[in-house]
Amino acid sequence: MIPADTPIWIAFLLAGSAMSVIVLLRYFLASGLFAWLTRIMRPGLYRKLGPQIRREIGWSVIAAFIYGLPTGAVFWLWNHHGATLLYTDWNAYPLWYLLLSAFLYLFAQDSWFYWTHRAMHGSPLLFRLAHKVHHDSRPPTAWTAMSFHPLESITGALVIPVLVFIIPIHLAMLGAVLATATLMGVINHIGWEIFPRRFVHSVLGGWLISASHHEKHHEDYRCNYGLYFRFWDRLCGTDRGLSRRLDQQGAARS
């Protein structure tokens with residue numbers, strides 16, 4: 001516990017470093033779990049990708065600290081100064097607001113990601129400076145989820161710290177949002193479809209990002225820019241459907 005009277009720059013550094021370690025552990029646990037599942041479910045899929053995976057882990061370690069520093073600072077401000085709209089009292093808002101707040105956070109994240117992601121693909125300069133690092137993973141793996149250039153990491157790291165000053169959310173629901181971000185980031189990059197084909201082709205599945213949908217983005221950079229939902233892709237005409245390779249694999253196994 002960091003004392004409340006700690007000089008703010010030291011408190012931010014300590015809290016941010018602690019949060020960065022948590023982000024890093026979360027990355028290794030999630031990516032490690034799905035890399036292990038891939039070895040079991042799709043033997044040989046990552047064969048000969050050792051150098052790429054080591055590079056992905058290196059970029060991800062840097063990204064973890066970029067994501068962790070502002071988040072840790074915000075948690076310290078909330079814990080010691082009551083800043084932010086985070087709350088812990090289950091009765092502070094109606095129970096239905098718990099799910100609504102989580103959805104608002106996910107939708108806001110998704111919207112920010114769609115437009116910044118699309119901008120990085122629309123600008124050759126931005127792509128070379130930042131986003132190319134992520135697309136150097138060919139094919140993406142379970143370790144690709146946080147493999148970002150620091151410039152791209154900064155754009156993503158600011159979303160949650162800003163949202164907690166705008167939209168009230170229970171601490172537990174914020175944890176659920178962060179867990180969703182971690183899991184979906186990994187699942188969408190593992191290189192095979194973990195969800196049943198029946199779900200992927202269902203009405204609900206048609207509005208959600210899956211590995212089959214995001215793999216299409218890694219095959220054709222000019223489409224499928226979303227993070228969780230296909231809303232903006234559909235609205236803006238950038239949805240190009242599913243990766244034929246992953247979809248055919250799913251059909252063969254169904």
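The lining of the largest cavity divides into 21 nonpolar, 17 polar and 2 charged residues. In this sorting, Ala, Val, Leu, Ile, Met, Phe, Trp, Tyr, Cys and Pro count as nonpolar, Asp, Glu, Lys and Arg as charged, and the others, Gly among them, as polar. The model is predicted, so local features need pLDDT of at least 70 and side-chain atom pairs count only at pLDDT 80 or more, while totals for chains, interfaces and linings use all residues. Residues are numbered from 1 along each chain as its sequence is written, and side-chain values use heavy atoms, with hydrogens and water left out.

What is a cavity here? On a 1 Å grid over the protein atoms alone, a cavity is a set of points where a 1.4 Å probe fits but cannot get out; a pocket is an open set with protein on both sides within 12 Å along at least five of seven lines, and lining residues have an atom within 4 Å of a point. Grid points are joined across faces, edges and corners, and a volume is the space filled by probe spheres set on the points.

The structure holds 2 cavities of 30 Å³ or more. The largest cavity has a volume of about 700 Å³. It is lined by 40 residues, and those closest to its centre are Tyr 67, Gln 109, Phe 148, Ala 181 and Leu 227. Many helices meet the reader here: helix 1, helix 2, helix 3, helix 4 (124-135), helix 5 (150-157), helix 6, helix 7 and helix 9 (211-219) each supply at least two residues of this lining. Helices (H or I, at least four residues) and strands (E, at least two) are DSSP runs, numbered from the N terminus.

The second largest cavity holds about 40 Å³ of space. Its lining is made by Thr 71, Val 74, Phe 75, Leu 86, Ile 160, Pro 161, Val 164 and Leu 174. Two elements, helix 2 and helix 6, give two or more residues to the lining of this second largest cavity, and helix 2 gives the most, with 3 residues. By class, there are 7 nonpolar, 1 polar and no charged residues in the lining of the second largest cavity.

Now turn to the largest pocket, whose volume is about 250 Å³. Of the 13 residues lining this pocket, Ile 2, Ala 15, Phe 75, Trp 76 and Asn 79 are the closest to its centre. Helix 1 (8-41) and helix 2 (50-81) each supply at least two residues of the pocket lining, with the largest share, 6 residues, coming from helix 2. The pocket lining has 10 nonpolar, 3 polar and no charged residues.

Let us follow helix 2 itself. Its 32 residues reach 46 Å from the first C-alpha to the last, close to the 46 Å expected at 1.5 Å a residue; the expected span is 1.5 Å times one less than the number of residues. Helix 2 has a kink of about 25° at Gly 68, shortly before the proline Pro 70, where the bend at a residue is the angle between axes fitted to the seven residues ending there and the seven starting there. Just after helix 2, Gly 82 takes a positive phi of about 70°.

Next comes the largest nonpolar core, which has 21 residues; Tyr 105, Ile 160, Val 164, Ile 169, Leu 174 and Val 177 have the most contacts inside it. Helix 2, strand 1 (86-87), helix 3 (96-122), helix 6 (159-163) and helix 7 (171-187) each supply at least two residues of this core, and the largest share, 5 residues, comes from helix 3. A nonpolar core is a set of buried Ala, Val, Leu, Ile, Met, Phe, Trp, Tyr and Cys residues joined through side-chain atoms within 4.5 Å. Buried means under 20% relative accessible area, exposed over 50%, and partly exposed in between (1.4 Å probe, protein chains only).

A few loops finish the tour. Most residues other than glycine have a negative phi, and most peptide bonds are trans. Thr 84, in the loop between helix 2 and strand 1, has a positive phi of about 80° although it is not a glycine, and Thr 84 counts as buried at 12% relative accessibility. Asn 224 has a positive phi of about 50° and sits in the loop between helix 9 and helix 10 (231-236). The loop between helix 4 and helix 5 contains Pro 139, and the peptide bond from Arg 138 to Pro 139 is cis, with omega near 0°.
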